[in-house]
Amino acid sequence: MSIDISVVVLSYDRVHLLERTLNALFASPAGASYELVVVDNHPDQLARGLVEGLARTAPAPVTYLADARRNVSIVRNLGIKASKGRYVAFVDDDEAPQPGWIDALTECLDRTGADACFGPKRPEFESGRPPEWDPEGWRYTLDFRMAKDEPIHMFGRLRKKGKGLGSGNSAYRVATCMEGAEPFDVSYGDANGEDTQFLFRLALEGKRFVWTPDAVVVEFIETDRTKPDYMITRMKRGSQHYAASRIGTSDSKAWTRVKVSFLGLAQFMVHLGLFVVSGEFARRDRIDNRIGMAKGLGKLTWRAPIGFIDEKAV
């Protein structure tokens, strides 16, 4: 049987959330033919029993793979290599695809001829509510609120629409996006910076990205991830990924380093001033300028990446 779309899910230590992801995928009927490829990145293969158990009654083929090397690019590439679909979709192991997700991604790529498409990510908080410093849950939401099939621009004056994109809740045309033995660069894979570099490279190659608002996932936010220190560290690391990927994919690396460093310094100084003037240093319910300073520092310290964040330890 031909496969329209292969759904690749990576798992490390969130097996309790992975079950939620897989059950959400299996609970929603799909018109497109699909398969599921789960790649376990834990040395003890924590997900094996769960995946093999669910596979017995799954409505689609399920493949379980494992690789103990702690590198997200390695396991992404392993999942891609095992995929048989015309398209490859990624969903994270803390995300629950909503009804119609598989068909929305497949139909979008069929309809538009685009190389990749992306959908909204909305939060579900373990505590039942967003943290007090982010009462709307905005920092945990990705929704450009764009029209169906509207182009997404990663660079140029329209770049804002592409900010925050990652591989979670995305789908790609294999023939145009997954060329070579290692579509995801292993040198960027130690702490989830691999998708930033991958998307930058595709965009610079002229690949076309579009928005599909009907492909929704709900991300489960555990309480440890709502702590201010966690978010500040995550934003700094994300800014390091941006800087390293922007420089690494540039044809003029020296000039790009200068621009990124200047942007980082300006960002840090502006938010430092606002941090003092606004009195944020004396408040527990606001961390906006601390996040701004962290993002500035990230661009200045990209050569010394933070690496994997132990969420339970933050």
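Q: Are Phe118 and Tyr172 buried or exposed?
A: This is a predicted model, so keep that in mind as we go. A residue counts as buried when its relative accessible area is under 20%. Phe118 and Tyr172 both come out as buried.

Q: What kind of aromatic pair do Phe118 and Tyr172 form?
A: The whole structure holds 11 aromatic pairs. In the one made by Phe118 and Tyr172, the ring centres are 6.1 Å apart and the planes make an angle of 90°. Planes over 60 degrees apart count as edge-to-face, so this pair is edge-to-face.

Q: How many residues apart along the chain are Phe118 and Tyr172?
A: Phe118 belongs to strand S6, while Tyr172 belongs to strand S9. Their pair links distant parts of the chain, with a separation of 54 residues.

Q: Which residue has its charged end over the ring of Phe184?
A: Phe184 is in one aromatic cluster with Phe90, Phe118, Tyr172, Phe198 and Phe209. The charged end in question sits 5.5 Å from the centre of the Phe184 ring. The same residue also lies over the face of Phe90, at 4.9 Å from the ring centre. That residue is Arg76.

Q: Why is helix H4 largely enclosed by the rest of the structure?
A: Look at the helix, residues 101-112. Its buried residues include Trp101, Leu105 and Leu109. H4 is largely enclosed because, of its 12 residues, the number buried is nine.

Q: Which residues of H4 does Ala32 contact?
A: Ala32 sits in the loop between helix H1 and strand S2, and is buried at 11% relative accessible area. Setting aside neighbours within four places in sequence, Ala32 touches Asp4. Its other such contacts are Ile102, Asp103 and Thr106.

Note on methods: Residues numbered from 1 in each chain as written. Predicted model: local features only at pLDDT ≥ 70, side-chain atom pairs only at ≥ 80, totals over all residues. Heavy atoms only, no water. Helix = DSSP H or I, 4+ residues; strand = E, 2+ residues; numbered from the N terminus. Expected span 1.5 Å × (residues − 1). Buried < 20%, exposed > 50% of the residue type's maximum accessible area, 1.4 Å probe, protein only. Contact = heavy atoms within 4.5 Å. Phe/Tyr/Trp six-rings, centres within 6.5 Å; stacked < 30°, edge-to-face > 60°. Lys NZ or Arg CZ within 6 Å of the ring centre and 35° of its normal.
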